[in-house]
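The exercises that follow ask you to read a structure step by step. Please keep the sequence and the coordinates at hand as you work through each solution.

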There are 2 protein chains.
Amino acid sequence: MDCFLETSLQNQNQSAYNKFMDLKTYFNPASIAIIGVSENPKKVGYLVAKNCIDQGYKGELYFINPKFDTLLGKKVYKSAKDIGKPVDLVVLAVPADISLGMMDELGSMGVKNILLYAAGFRETSPEGAAKELELIAKCKKYGITLLGPNCLGFVNTINGANLTFLKYPAPKGNIGLVSQSGALGSLMVDYLVGHKNFGFSYFISLGNKTIMDESDCLEFLSQDPDTKVIAMYLEDVKDGERFKKTLKQVTMKKPVIILKSGSTEEGSKAAVSHTGSMMGNDAVYSAVFSQCGAIRAGEFYEFMSLLKLFTYERVPTSKDILILSNAGGIGVLLTDELIRNQLSLVTITESAKQEIIQQMQGTKISFHNPIDLLGDASAFHYQAAIASTLKEKNIGAVIILLTPQANTEIEETTKVIEDAQERFVKPIYPVFMGEKSVGRSHFLFEEKKIASFSSYDFLPKAIAKILTYRAWIEAKQEKEEKGQLQETLQKLTLEEGIDGIFDKWKGQPFMDLDASMQVLKLAGVKTTRLRLAKSIDEAKQIVTEIGYPLVAKIASEKVTHKTEVKGIITNVENEQDLLRAWDKLLKIGDIGGVYLQKMLSGYELIIGAKRDRIFGVILMAGLGGIYAELLKETANFIYPIDEQEFTVGIKKTKLYAFVKGYRNLEKLDLSKLYNIVNRVGYLLARYPQISSIDINPLMVTHEGAYAVDSRIIL
Amino acid sequence: MDCFLETSLQNQNQSAYNKFMDLKTYFNPASIAIIGVSENPKKVGYLVAKNCIDQGYKGELYFINPKFDTLLGKKVYKSAKDIGKPVDLVVLAVPADISLGMMDELGSMGVKNILLYAAGFRETSPEGAAKELELIAKCKKYGITLLGPNCLGFVNTINGANLTFLKYPAPKGNIGLVSQSGALGSLMVDYLVGHKNFGFSYFISLGNKTIMDESDCLEFLSQDPDTKVIAMYLEDVKDGERFKKTLKQVTMKKPVIILKSGSTEEGSKAAVSHTGSMMGNDAVYSAVFSQCGAIRAGEFYEFMSLLKLFTYERVPTSKDILILSNAGGIGVLLTDELIRNQLSLVTITESAKQEIIQQMQGTKISFHNPIDLLGDASAFHYQAAIASTLKEKNIGAVIILLTPQANTEIEETTKVIEDAQERFVKPIYPVFMGEKSVGRSHFLFEEKKIASFSSYDFLPKAIAKILTYRAWIEAKQEKEEKGQLQETLQKLTLEEGIDGIFDKWKGQPFMDLDASMQVLKLAGVKTTRLRLAKSIDEAKQIVTEIGYPLVAKIASEKVTHKTEVKGIITNVENEQDLLRAWDKLLKIGDIGGVYLQKMLSGYELIIGAKRDRIFGVILMAGLGGIYAELLKETANFIYPIDEQEFTVGIKKTKLYAFVKGYRNLEKLDLSKLYNIVNRVGYLLARYPQISSIDINPLMVTHEGAYAVDSRIIL
């Protein structure tokens, strides 16, 4: 979506405005006036009026259009004033210009809540953007809370206020959906309308987020007692700082599942920093979501699977899964998926095995988990196996796989599972595959609020993500109990002299290597000392002090990627090498001399931090050195971050192998690494003139971790 | 599945037996006798008889059971002899022991084709395995072609021979399914039975593959004119060499889509070779499938999506995709998936844009591909956009995304797409999302053989895999034209002396470093010279010849992983370092001295080869050095392989960055790398006593690629 307003919108002081909002009244209005009702069944003004009636709105509903007297059996007023009393919400089902033209009148009448559907604002053209700025000004003048423009409206299924032009009444349930795409809401309704016990408390279509945005809706839904799980579809976030803060609080109370379309734009190849080129927009969003405890779904049906698990409150308690199946091969395919998602299978104890053997009355089955009840498994076989295995300890969830075969008793097995779930506190997920024979079972399971699936595809991924969320909550709660939950970290002590360096480099696009290394050193990061040689004699003199082997680097204020111009020569081992290196580097031209550094041996990491336009300081730690950009094996974080969260992020990457001990390399001390990353982040937080910092490589040696090369972009 | 027969079965000379088989008669029998028909509707003997009638079998059908006179309105014979004339196929719907007991009688009667359902053979117990050996002996004695035991039978939908106990008659179509799991066949029938133009030519349930195996069925289906696409579900492969050869031939004629359940067993951590621990069983299967041109599906619905594309012959012609959508956000989610699968979006030309603007009669749309027709897009808008964009050049496929919104004209848009596909040669894939509103459209699309989907989830992956298959065929055809298609590569010349080394190490579990390096050198692989020092004085003497920096390694016949015992010391730069290294290595104990090697600089690769029990020599090339096992960034191949196929495999890995040029490192010469990998493979092919070879690292320097360390396991 083009955005002509970006800068102007950022200058609006949004948070000062939020105090005006009363979203409880906005989304639960006792009275609604729809301006622009229509008799044309294809027009928004008709669809909205009809939906609100069809959904069974319980408050007072007023229709307004000077052209009509009655519509859908209700009186139609000529104007909002004719109603003669205040209404909680005014709905503008009229075009952009007319809507804008009515703002003064409505504002003067004391209207506080407006819903505006029309497109034609900043999403279309610079003129539209100007109209949007005018709209903002009017809202501020009158203290109006606005949803839209360019939106589908909202539904409250509890009081029946369906102010959307959706095709069907919205199915009732406990999902609060906030969507930046109206189409996604329509799609979900179309999908859910034939299901049972699977629907919305609220569906809010955000549109242009001119006044009300995703954080406002998150806050509202987190306090709403009818909403058990919050679903979001996002394309961007308006106010990054507020979103982070709100999301972190909300996820402690309710799960938040986010579907976000990434940007297909590749990071600029000419990016001056590694961090910039390695950490795209999408990676930043992922870091924000995971650090704030939200669950990011990858695809639409994964999103729906996650919602189903939460809507029925059937969430796994541990990663140990029990599988019962009447199709061995498909049980193995499912097992592969579970293992790929770091889940595991429960080990069946000998006593359970013996019990099953007795119960099975002679029918042979395969006892490895997945337990293969074989193709002719009857409902009785399923029942016997369930009865004997559900007693096993440490079950996190049970998956019961059924494929329709000649003698498969589908309805009876459905009943067996329903009964078992009634007695069993852990979740049982029936995966009844196929189409013709199993449709009715899925419907029956929904009636009993059992989360069943017609394919195992998205289930393992969903289980794994829910377990990550549980662990996040538990860690947070533990910290809360210990009183360790601080929103801002304590200030680090920097050595004196940093301010002077920044003053000196004011106005420059980036600091040179020497200055970058000095800043890091003063910020408490160990660095390998750089020695500048302006002549070969100076170089020889330096060698007598630091010894071979050396690394020689060009000293230039102009070159940002030294390796690309072959400006770094490693393994300088003797005077002959030194002379050769000197000649090569001088040929690159326009250099201020050659830096000499003692060459270290160990393994290389990359540490980075950049300032994101929306979310502030973002941190990165990953495998480094020459392969850094090739492998992109990194973890991203938003600053500030505490050590426990940092550890969780690193565990997801291959860096973790170094923590556990890899080959004869020095074990990676995560506390020390956290300390370095944190200090780099703090530098960006403290000095707003820094745009990004790279340390590449950070060399981990037996003597400690040293920044060997670095760059500070201003 | 437990396999009690493994070794015995391997000793059977299978290929000698194949000449007996006449699968055309087996699967198209003009007459069938079912022994063991039953009146109990739950028994196989009833279900098979009924299915064969219901499917409309066109040949002569005889029922046999001494207990009955008639069944399902047909005469029942007392015994096979009573039929009085030979039948093409005898079906044994009786238990294992009775089946086995009838083999002599049937064999003596001259029966050549038998189908045996019963379980109770090698899948159950050692006694069952003994029965299976007896069964094999009988088949050999009488020259009987057998399908099963422990199987679901087969269906031929063309002549109506449904000899399965499936729940429904099998839907007719052009998919030839060969499945090692009966459940998968049942599942597919249950799924397809409500669809149109989507079904089987043949479904063959393999069972224990005692006589007839997957290669036999592949060969048969490749020659069958009614089969357009071959689908396989495999758990293992019986005869690796024959499978590779057959598959390679068949995929040139017809696409083969394989669903294979991997083994969840992790490779043994104590594996003595890197290759062994880095290349699991599943990776070997993947290498076999891709090198033989088969398409491996990851999940069940991906499998079904691939089959749908081929069954309707709607395959993409290039990676350039055009997207039309009435839901911008979902268009972007789809685009993300396409990009992730290395596909790309067609660029819309200015002339097409202008044409759309005119056609749209004032409705504004977003012109970036994905072209967003906005939420209120009518069938007319879809039609106009299709008409203007289908003229664009280089379209590989068109995806038309539709989400049901208030004014969406679903039926009309369905018609618009049907008409467009009739005129347009490239495939159009409608992705109509949702449930309630779109079901009928999918049915209509199937009637017109248009491959539609209710979600975009598996489509990008499927398109990408089909394009890989097309490229594979084209490369093969090109080579065929040039006469370069050789099944075996020409023998390489090895220098003299290798045989002597192998003789010397006969009976040992592995060669030491020196011997391993010598073998490689004689096989034409450049190696870094090893110098053995038995005393520190000898070491100092060697240094005067090769100079610093050095690598020092323990010389021990017992240690296989030198780095794990810290038996390798790099960066030995001066005499002080040398003394320190000497002391350290000696402390490891029981060593035969210290190897000294000139230390090279460059980047490290790993090259490996191992002998697989089923598929023979398997090759590996990947990122090497200390990170090799951490990163597992490798490509696997079956030997022999030609250079073009090798290049295709390397392109899929991050190694390819070195080929294109990465930083200031030496560009990777794929011809030279191929040469090394090929020589390593040849060694295993020539010397059966080798179990595996590792070169780790192979150091790529500006002077060439050198094996720095290696190990040959015997």
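**Exercise 1.** In which strand of chain B is B:Val229 found, and is this residue buried or exposed?

Solution. The model is a predicted one, and the first step is to place the residue: B:Val229 belongs to strand S12 of chain B, which covers residues 229-234. The second step is to compare its relative accessible area, 0%, with the cut-off for burial, which is under 20%; B:Val229 is therefore buried. The third step is to list its surroundings: leaving aside neighbours within four places in sequence, B:Val229 is in contact with residues including B:Asn174, B:Ile257, B:Leu307 and B:Phe310. For B:Phe310, which lies 81 residues away along the chain, the C-alpha separation from B:Val229 is 6.4 Å.

**Exercise 2.** Determine which residues have the most contacts inside the largest nonpolar core, and describe what surrounds B:Phe303.

Solution. The largest nonpolar core has 291 residues, and A:Phe303 and B:Phe303 are those with the most contacts inside it. Not counting residues up to four places away in sequence, B:Phe303 touches, among others, B:Leu177, B:Met188, B:Met232, B:Ile257 and B:Ala297. A second core, separate from this one, has 106 residues, and it includes A:Leu619 and A:Leu698 as well as B:Phe637 and B:Ile695.

**Exercise 3.** Work out how strand S29 of chain A is covered and how S29(A) pairs with strand S27 of chain A.

Solution. In a regular strand the side chains alternate between the two faces of the sheet. In S29 of chain A, residues 710-713, A:Ser710 and A:Ile712 lie on one side and A:Arg711 and A:Ile713 on the other, and all four are buried, which leaves both faces covered. S29(A) and S27 of chain A, residues 692-701, pair in the antiparallel sense over four bridges, and A:Ser692 stands opposite A:Ile713.

**Exercise 4.** By what turn and shift can chain A be laid on chain B, and how much area do the chains bury between them?

Solution. A turn of 180 degrees with a shift of 0.0 Å along the axis lays chain A on chain B with an RMSD of 0.1 Å; the two copies are thus related as by a two-fold rotation axis. Of the residues of chain A, A:Glu573 comes closest to this axis, at 3.9 Å for its C-alpha atom. Turning to the interface, 81 residues of chain A are in contact with 81 residues of chain B, and the chains bury about 6,900 Å² between them, 57% of it on carbon and sulfur atoms. In chain A, the residues that lose the most area to chain B are A:Tyr627, A:Leu630 and A:Arg663, together 10% of what that side buries. The count of salt bridges between the chains is two, and B:Glu409 forms a salt bridge with A:Lys42, with the closest N and O atoms 3.1 Å apart.

**Exercise 5.** Explain which parts of chain A are tied together by the pair A:Lys479 and A:Asp642.

Solution. First, A:Lys479 and A:Asp642 form a salt bridge in which the closest N and O atoms are 2.6 Å apart. Next, A:Lys479 lies in helix H18, whereas A:Asp642 lies in the loop between strand S26 and helix H24, so the pair ties together parts that are 163 residues apart in sequence. Finally, A:Lys479 counts as buried, at 8% relative accessibility.

Conventions:
Residues are numbered from 1 along each chain as its sequence is written. Chains are lettered from A and ligands numbered from 1 in the order in which they are written. This is a predicted model: local features need pLDDT of at least 70, side-chain atom pairs count only at pLDDT 80 or more; totals for chains, interfaces and linings use all residues. Side-chain values use heavy atoms; hydrogens and water are left out. A nonpolar core is a set of buried Ala, Val, Leu, Ile, Met, Phe, Trp, Tyr and Cys residues joined through side-chain atoms within 4.5 Å. Buried means under 20% relative accessible area, exposed over 50%, partly exposed in between (1.4 Å probe, protein chains only). Contact means heavy atoms within 4.5 Å. Helices (H or I, at least four residues) and strands (E, at least two) are DSSP runs, numbered from the N terminus. Two strands pair if DSSP finds at least two bridges between them. Copies are superposed by least squares on the C-alpha atoms of residues with pLDDT of at least 70 in both. Buried area is the accessible area (1.4 Å probe) that two parts lose on being put together, summed over both. A salt bridge is a side-chain nitrogen of Lys or Arg within 4 Å of a carboxyl oxygen of Asp or Glu.
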